[in-house]
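Dear colleague,

I am handing over the structure below, and after it I set out what was found around the ligand. Please read the notes with the structure open beside you.

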Amino acid sequence: MKKTLRMLSLALALALVAGAALSLGSCAKAAPKTAKIAMVVKSMGNPFFDACRDGAQEAAKELGGIEIIYQGPSTPTAEGQIEIIDSLIAQKVDGIIVSANDKDALIPITKKAMSKGIKVMSFDSAIAAGGRMVDLVPSETELIGKQQVQLISELIGAEGEVAILSATSQATNQNAWIEVMKKEFETNPAYAKMKLVATVYGDDLSDKSYREAMGLFESYPKLKGIISPTTVGVAAAGKAITDKKLIGKVQLVGLGLPSEMKFYVMNDACKQFALWNPVDLGYSATQITNALVKGKLKSAKDGTPVKAGEVVEAGRMGKITIGESGVAVMGNPFVFNKSNVEKYASIF
Ligand code: RAM
């Protein structure tokens with residue numbers, strides 16, 4: 001009897017070991033964990049960033065096993081973004097894609113994220129080198145800035161007062177473009193008869209941008225043109241010109257969404273403007289972050305930029321090559337006018 005009992009308990013022990021081995025085995029074969037990629041934008045409620053999010057979701061769906069978390073502060077401040085990134089670190093996300101409200105203020109928090117193994121890149125509006133692994137710009141900064149001055153020059157016959165209506169005063173992308181524009185006004189002989197009289201900030205808020213545009217009409221009665229390199233600003237300026245019955249007197253160019261600008265192109269408040277495809281921008285950024293998360297793009301935890309010459313296979317966008325200081329460039333801006341604005345308005 002004792003012997004049978006001993007044999008029984010031995011059999012039980014063996015069965016338990018086998019069971020444990022089996023469950024360990026099935027554990028090893030478990031589905032790979034879903035990667036969490038967060039897109040932190042300048043602010044919520046901006047249709048430009050909603051289009052970037054759509055592109056991110058498209059890439060996530062194609063790649064599989066990726067969850068996109070889309071967040072941003074209610075107004076475009078660095079403080080709001082710092083809080084969000086801090087909570088994303090606590091949630092242990094795998095990657096963070098940021099459009100920065102300030103190129104330097106975010107560095108300590110993104111460095112903290114990277115030190116914990118989170119992959120960080122900026123897109124649209126950069127974090128300075130040291131605070132991210134890659135920065136994806138929509139187009140060359142020089143090209144964007146020069147094109148804006150050329151577009152307004154064409155509309156005002158290269159003569160008269162021009163003002164810039166920007167986003168926030170700390171925005172990396174707008175400030176970089178404005179620097180190029182200022183140089184053009186100062187040094188390009190083709191623009192010798194144009195004068196940049198003011199740069200004002202609407203903070204990517206429609207009502208503030210509208211008020212700033214109205215303020216420009218008051219302060220500069222001889223104003224001939226406005227350049228607004230922000231989708232929020234250029235649409236608000238279109239409305240201000242229309243409401244003030246200044247169509248034909250004050251010309252407007254900028255970076256706008258065809259869907260928001262169609263009305264102002266058709267009523268002649270804004271005869272031409274430029275932009276790239278924000279869906280493609282979000283899609284490309286997600287492809288790059290996925291490559292970082294999967295280790296296909298080598299990165300260091302201290303935030304040293306990814307080496308120049310590295311290539312990302314970015315789905316329908318083809319190959320994206322990383323340049324100096326980890327900066328990658330997407331493509332060239334499109335110019336929109338009466339001939340094509342309606343066609344693109346249904347896309348972004
Ligand atoms: C606004 C934002 C964004 C910028 C576009 C052109 O939506 O400021 O950062 O890239 O305009």
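**The ligand and its surroundings**

Helix 6 gives the largest share of the shell around the ligand, namely three residues, where helices (H or I, at least four residues) and strands (E, at least two) are DSSP runs numbered from the N terminus. This is a predicted model, in which local features need pLDDT of at least 70 and side-chain atom pairs count only at pLDDT 80 or more, while totals for chains, interfaces and linings use all residues. Residues are numbered from 1 along each chain as its sequence is written, and side-chain values use heavy atoms, with hydrogens and water left out.

Of the 13 residues around the ligand (a residue is near if one of its heavy atoms lies within 4 Å), those that come nearest are Lys42, Asp124, Gln174, Asp204 and Thr231.

Three side chains make polar contacts (pairs of N or O atoms within 3.5 Å) with oxygen atoms of the ligand: Asp124 at 2.6 Å, Asp204 at 2.7 Å and Asn173 at 3.0 Å. The protein covers 100% of the 300 Å² of accessible area (Shrake-Rupley method, 1.4 Å probe) that the ligand has on its own.

Domain 1 (35-137 + 278-330) and domain 2 (141-275), with bounds from an automatic or database domain assignment, both give residues to the shell, so the ligand lies between them.

Best wishes

Methods. A polar contact is a pair of N or O atoms within 3.5 Å; within protein, one must be able to donate a hydrogen and the other to accept it, and residues adjacent in sequence count only if both atoms are side-chain atoms.
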